[in-house]
Amino acid sequence: MKTETETEAIDADAVTAFEESFRGRVVLPDDEEYDECRRVWNEMIDRYPAMIARCAGVADVIESVDFARENDLLLAVKAGGHNAAGNAVCDDGLVIDCSLMTSVRVDPGTKTVRVEPGVTMGDLDHETQAFGLATPGGTVSTTGVAGLTLGGGWGWLSRRFGLTIDNLRSVDVVTAAGELVHASEDENSDLFWGIRGGGGNFGIVTSFEFDCYEVGPIVLGGMVIHPFEDAADLLRFHREFTADMPDECCCYAAIMTAPPAPFLPEAVHGTKVAALAPFYSGPIETGEELFRPLRDFGEPIVDLVQPQPYTALQQMLDEPQAPGYRNYWKSQLVDPLPDDAIDTVVERAGTLPSPMSQLVLEHLGGAISRVEPDATAYRNRNAAFSFNVFSRWEDPAEDETHVSWAREFHAAMGPFATDGVAVNFLSQEGDERVRAAYGDNYDRLVDVKDAYDPENRFRMNQNITPSARADGGASHERV
């Protein structure tokens, strides 16, 4: 098999036959929409696939996988495309684009929802909230449900109801052999185990079925923003405030640059600030009482916590994660930060290299931690927080500055980190970090890979190398 760097012309007759069998749209480099179709959320990713297959349904996905295999093409899979690593697009090969597959079907009677791979969290929330239902997943409405789920997935509801994968009932998967298989706890259970956290290593999921819960439509949440000079005290308060919190409550912390928003005093615009973002999914009156110490702490610039629609809260962080920027992330799972770690965070945060860059401490625990580490492929369940360095900028000439800043920040936090990382937050960081994401579950994942993708066709991801190619010489170059 050829590697990612070997480019060969695809037989024109084969392309024509593929197009004729395809219900969706095959986009080639000379097509007007090619540049738009090859773009993903992270502007750092600038790759040129030989073909983009914009699938209209499962049959198109199967045709695409077969075409890639028969023509020995590198393939990448695009759903939401909202991932820092940019694995949804490749050079020279075939991009299987599922972003047009956006069906959402809610069953209020069983409190379940079934979605196709092109669905975003905003799409999902819109449909489920029509019935007063929600499933845990994401804090940005433009995030794709598929990628979020395959890497584990967490959001505001996860402390109460678990990870996104903990609420996954079944999936339909197109394998590397071009076969459609159904997987659940009772059918192809090995594949179902691997799908829940193992990323896109085993095939293309064309249908996800989730459990839903009664949530909203009104929840309590928002943001309390403080001056940056109070950041150390605020992070220490956050550590204590989150130490003994009911599962219905989640509270993120962040250091960022204040946007030129009307809810902030003009004098604050463009300055560094520290913020807490609490969320409560239970009775509003209970949440108001629970949040009283948080809202009384210090002298905030603004308090935006209020009862609001769940769908509005799910969109609260959309603007800071909007497309059109270059992104490099570093992330690690951490326990409650000791004082010297907080001091390190505040010192490093004083050098935010752009107004779009942020530090975010995401609140985990609760129901996430009550699932056994080997119950799903996602293993690292015991950490209290995910500490994320989100470096974002616009000028390609500044790439090295921003990447180096994120890496140095991450290294400085190393002494305070656990051994694990969430796979959804990895950039292109190599096999060692992939193994850190899976820990003792990695060998079992290799077994699943061997069973469903022994040739490593699905390798544009945080790759689990099949055992037949683990000697290095037969494995494929990473992009």
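This report describes the two largest pockets and one antiparallel sheet of a predicted model.

## Largest pocket

The largest pocket encloses about 610 Å³ of space. Its lining comprises 23 residues, of which Pro 259, Phe 263, Met 316, Glu 319 and Pro 320 are the closest to the centre. Two strands, β14 (249-257) and β17 (306-309), each contribute at least two residues to this lining.

By residue class, the lining of the largest pocket consists of 16 nonpolar, 5 polar and 2 charged residues.

## Second largest pocket

For the second largest pocket, the volume is about 400 Å³. A set of 21 residues lines the second largest pocket, and those closest to its centre are Arg 39, Val 40, Trp 41, Lys 78 and Gly 80. The lining of this second pocket divides into 5 nonpolar, 9 polar and 7 charged residues.

## Antiparallel sheet

An open sheet is built from 5 strands, arranged in the order β5-β6-β10-β8-β9 with antiparallel pairing. Its edges are formed by β5 (104-107) and β9 (180-184), each of which pairs on one side only. On average, and with direction ignored, neighbouring strands of the sheet are turned by 15° against each other.

At the β9 edge, the antiparallel pairing between β8 (residues 168-174) and β9 extends over 5 bridges. Val 173 is placed opposite Val 181 of β9.

## Helix across the sheet

Helix α4 (residues 121-129) lies across two strands of the sheet, β5 and β6 (112-115). Relative to β5, helix α4 runs at about 30°. The strand β5 crossed by this helix is one of the edge strands.

Conventions. Residues are numbered from 1 along each chain as its sequence is written. This is a predicted model: local features need pLDDT of at least 70, side-chain atom pairs count only at pLDDT 80 or more; totals for chains, interfaces and linings use all residues. Side-chain values use heavy atoms; hydrogens and water are left out. On a 1 Å grid over the protein atoms alone, a cavity is a set of points where a 1.4 Å probe fits but cannot get out, and a pocket is an open set with protein on both sides within 12 Å along at least five of seven lines; lining residues have an atom within 4 Å of a point. Grid points are joined across faces, edges and corners, and a volume is the space filled by probe spheres set on the points. Helices (H or I, at least four residues) and strands (E, at least two) are DSSP runs, numbered from the N terminus. Ala, Val, Leu, Ile, Met, Phe, Trp, Tyr, Cys and Pro count as nonpolar, Asp, Glu, Lys and Arg as charged, and the others, Gly among them, as polar. Two strands pair if DSSP finds at least two bridges between them. Axes are lines fitted to C-alpha atoms, for helices over the stretch in contact, and angles run from 0 to 180 degrees between N-to-C directions. Contact means heavy atoms within 4.5 Å.
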